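Me: I have a structure to look at and plenty of "why is it called that" questions. Could we go through it together?

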Amino acid sequence: MTGLPDEKGYFGRFGGRFLPETLMPAVEELTAAYLKVKDDPKFKGELRYYLKYYVGRPSPLYYAQRLTGHLGGARIYLKREDLNHTGAHKINNTIGQVLLARTMGKKRVIAETGAGQHGVATATAAALFNLECDIYMGEVDIERQAVNVSRMKLLGARVIPVTSGSRTLKDAMNEAIRDWVTNVNNTYYVLGSVGGPHPYPMMVRDFQSIIGEETKKQLWELERRLPDYVVACVGGGSNAIGIFNSFLEDREVKLVGVEAAGEGLESGRHAATLTAGSPGVLHGSYTYVLQNEDGQILNAHSVSAGLDYPGVGPEHSYLKETGRVDYVAVTDEEALEAFHLLTRTEGILPALESAHALAWVVKKAPELSPEDIVVVNLSGRGDKDLATVMQLGGGEGNVR
Ligand SMILES: Cc1ncc(COP(=O)(O)O)c(C=O)c1O
């Protein structure tokens with residue numbers, strides 16, 4: 001809704017294409033293909049069909065009455081992306097990109113994944129449209145997201161372990177880009193968030209904007225007004241841009257992006273790129289990154305595999321610097337507490353990523369009045385995180 005990026009892929013000073021020459025024809029081919037189908041009624045009709053009958057959209061906007069009562073302040077609504085097929089918002093984007101890959105005549109898709117949700121969503125779309133599928137995943141994430149690894153394999157994808165660097169999402173993305181450079185003729189790279197070179201930040205935002213469009217309409221039907229706050233977690237930033245996009249021009253709506261403060265900002269073990277990072281280049285884009293004084297990218301840490309990334313989509317960097325969105329950070333511990341609170345009060349297990357957005361609301365809602373409305377994007381469900389939660393003392397969260 002900002003009219004950005006410009007034709008070179010810039011959001012203000014952020015974005016662009018910082019890539020080896022060999023990849024330039026590929027991103028140009030992709031941009032041309034996307035701009036051609038973007039407003040094409042046939043493509044849009046097909047996308048709408050799969051989002052409705054396969055993904056299960058629109059996802060509900062649910063009034064969390066018990067959580068609201070427990071916190072004793074603002075009225076809290078949850079946008080239920082956890083109810084999408086495959087359990088997260090990631091499927092909105094992969095259906096769009098895999099439909100695009102098909103129109104481009106590509107027979108093979110590749111993707112990177114951290115929490116495994118984007119890998120599962122890509123493998124699902126590849127199965128649906130009968131495409132060969134390889135997923136790059138860091139060894140650490142393979143260990144902590146074992147259930148999603150099994151799901152990808154059952155869906156017919158090959159999961160390729162990445163052993164370099166911190167063995168998490170950043171390294172998986174490096175490998176996926178390397179594969180794309182080598183196999184660009186027959187391969188489409190399904191990028192999982194609003195990062196990477198132009199056109200990905202624009203294209204993934206467009207595919208995820210359905211979240212905010214629905215939210216605005218649904219809240220109007222229920223309350224006849226705009227929300228006071230819209231809150232979402234930020235890893236690469238796709239679920240956040242997805243829900244924020246429809247509200248960017250409604251200046252009275254406060255938008256809050258919640259990053260992972262991990263073990264605390266001062267500990268150095270966190271993934272709070274916008275809160276504690278600085279501008280630099282990562283994965284083909286100029287954006288906020290976690291880096292040392294020499295510009296070396298630092299390892300990120302979060303209890304949540306989907307937030308464990310030292311970069312962020314360039315549009316978020318722009319929205320931070322223009323002041324339109326407030327970016328804050330909550331710790332692993334706060335996110336875990338919020339996980340238990342939602343589970344016990346509403347019977348909904350949130351993804352640990354989404355629990356970060358909830359944790360901010362848990363702190364903020366009691367300060368607000370019952371006249372205030374807060375919408376939280378529940379980006380995914382927590383089944384994938386059970387091993388992590390149980391290991392960290394799961395089941396002990398007593399909120400009664
Ligand atoms: C459920 C869920 N929420 C959020 C994220 C973070 O990604 P993004 O910031 O692109 O929405 C992930 C990433 O894997 C995820 O699985």
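**Talking through the labels**

Me: What is the place of leucine 386?
Reply: Before we start, note that this is a predicted model. Leucine 386 sits in helix α16, which covers residues 386–391.

Me: Why is leucine 386 called partly exposed?
Reply: Its relative accessible area is 36%. Buried means under 20% and exposed means over 50%, so a value of 36% makes leucine 386 partly exposed.

Me: Which residues form a nonpolar patch on the surface?
Reply: The patch consists of Leu349, Leu386 and Met390, and together they have about 250 Å² of accessible area.

Me: Let's turn to lysine 90. Where is it found, and what does UniProt place there?
Reply: Lysine 90 belongs to helix α4, residues 90–103. The unreviewed UniProt entry places the feature "modified residue: N6-(pyridoxal phosphate)lysine" at Lys90.

Me: Why is lysine 90 called buried?
Reply: The cut-off for buried is under 20%. Lysine 90 has a relative accessible area of 17%, so it counts as buried.

Me: With which residues is lysine 90 in contact, leaving aside neighbours within four places in sequence?
Reply: Its contacts are Gln117, His118, Ala121, Gly192, Ser193, Gln208 and Ser238. The word "contact" is used because heavy atoms come within 4.5 Å.

Me: How many disulfides does the structure hold?
Reply: Zero. A disulfide is a covalent bond between the sulfur atoms of two cysteines.

Me: What makes cysteine 133 buried?
Reply: Cysteine 133 has 5% relative accessibility, and that is under 20%, so it counts as buried. Cysteine 233 has a relative accessible area of 2%, so it is buried as well.

Me: Where does alanine 126 lie, and is it buried or exposed?
Reply: Alanine 126 lies in helix α5, residues 117–128. Its relative accessibility is 2%, under the 20% cut-off, so alanine 126 is buried.

Me: How far apart are alanine 126 and valine 109?
Reply: They are 17 residues apart in sequence and 7.3 Å apart in space, C-alpha to C-alpha. Leaving aside neighbours within four places in sequence, alanine 126 is in contact with Val109, Leu131 and Cys133.

Me: What makes glycine 138 count as buried?
Reply: Glycine 138, found in strand β6 (residues 132–138), has 0% relative accessibility. That is under 20%, so glycine 138 is buried. Not counting residues up to four places away in sequence, glycine 138 touches Thr113, Val162, Arg167, Thr168 and Ala172. The C-alpha atoms of glycine 138 and threonine 168 are separated by 4.2 Å, with their positions 30 residues apart along the chain.

Me: What is special about phi of threonine 86?
Reply: Threonine 86 has a positive phi of about 75° although it is not a glycine. Threonine 86 lies in the loop between β4 (75–80) and α4, and with 7% relative accessibility, under 20%, it counts as buried, so the label fits.

Me: What about histidine 283: where does it lie, and why is it called buried?
Reply: Histidine 283 is in the loop between β11 (278–282) and β12 (285–289). Its relative accessible area is 7%, under 20%, so it is buried. Its phi is also positive, near 50°.

Me: Which peptide bond joins histidine 198 and proline 199?
Reply: A cis one, with omega about 20°. Proline 199 lies in the loop between β8 (187–189) and α9 (200–208).

How values were computed: Residues numbered from 1 in each chain as written. Predicted model: local features only at pLDDT ≥ 70, side-chain atom pairs only at ≥ 80, totals over all residues. Heavy atoms only, no water. UniProt positions renumbered as here; feature names shortened; annotations may be inferred. Helix = DSSP H or I, 4+ residues; strand = E, 2+ residues; numbered from the N terminus. Buried < 20%, exposed > 50% of the residue type's maximum accessible area, 1.4 Å probe, protein only. Patch = residues over 30% accessible without salt bridge, like charges linked within 9 Å, V, L, I, M, F, W, Y side chains within 5 Å. Areas by Shrake-Rupley, 256 points an atom, 1.4 Å probe, with all protein chains shown as cover. Salt bridge = Lys/Arg side-chain N within 4 Å of Asp/Glu carboxyl O. Disulfide = S-S within 2.5 Å.
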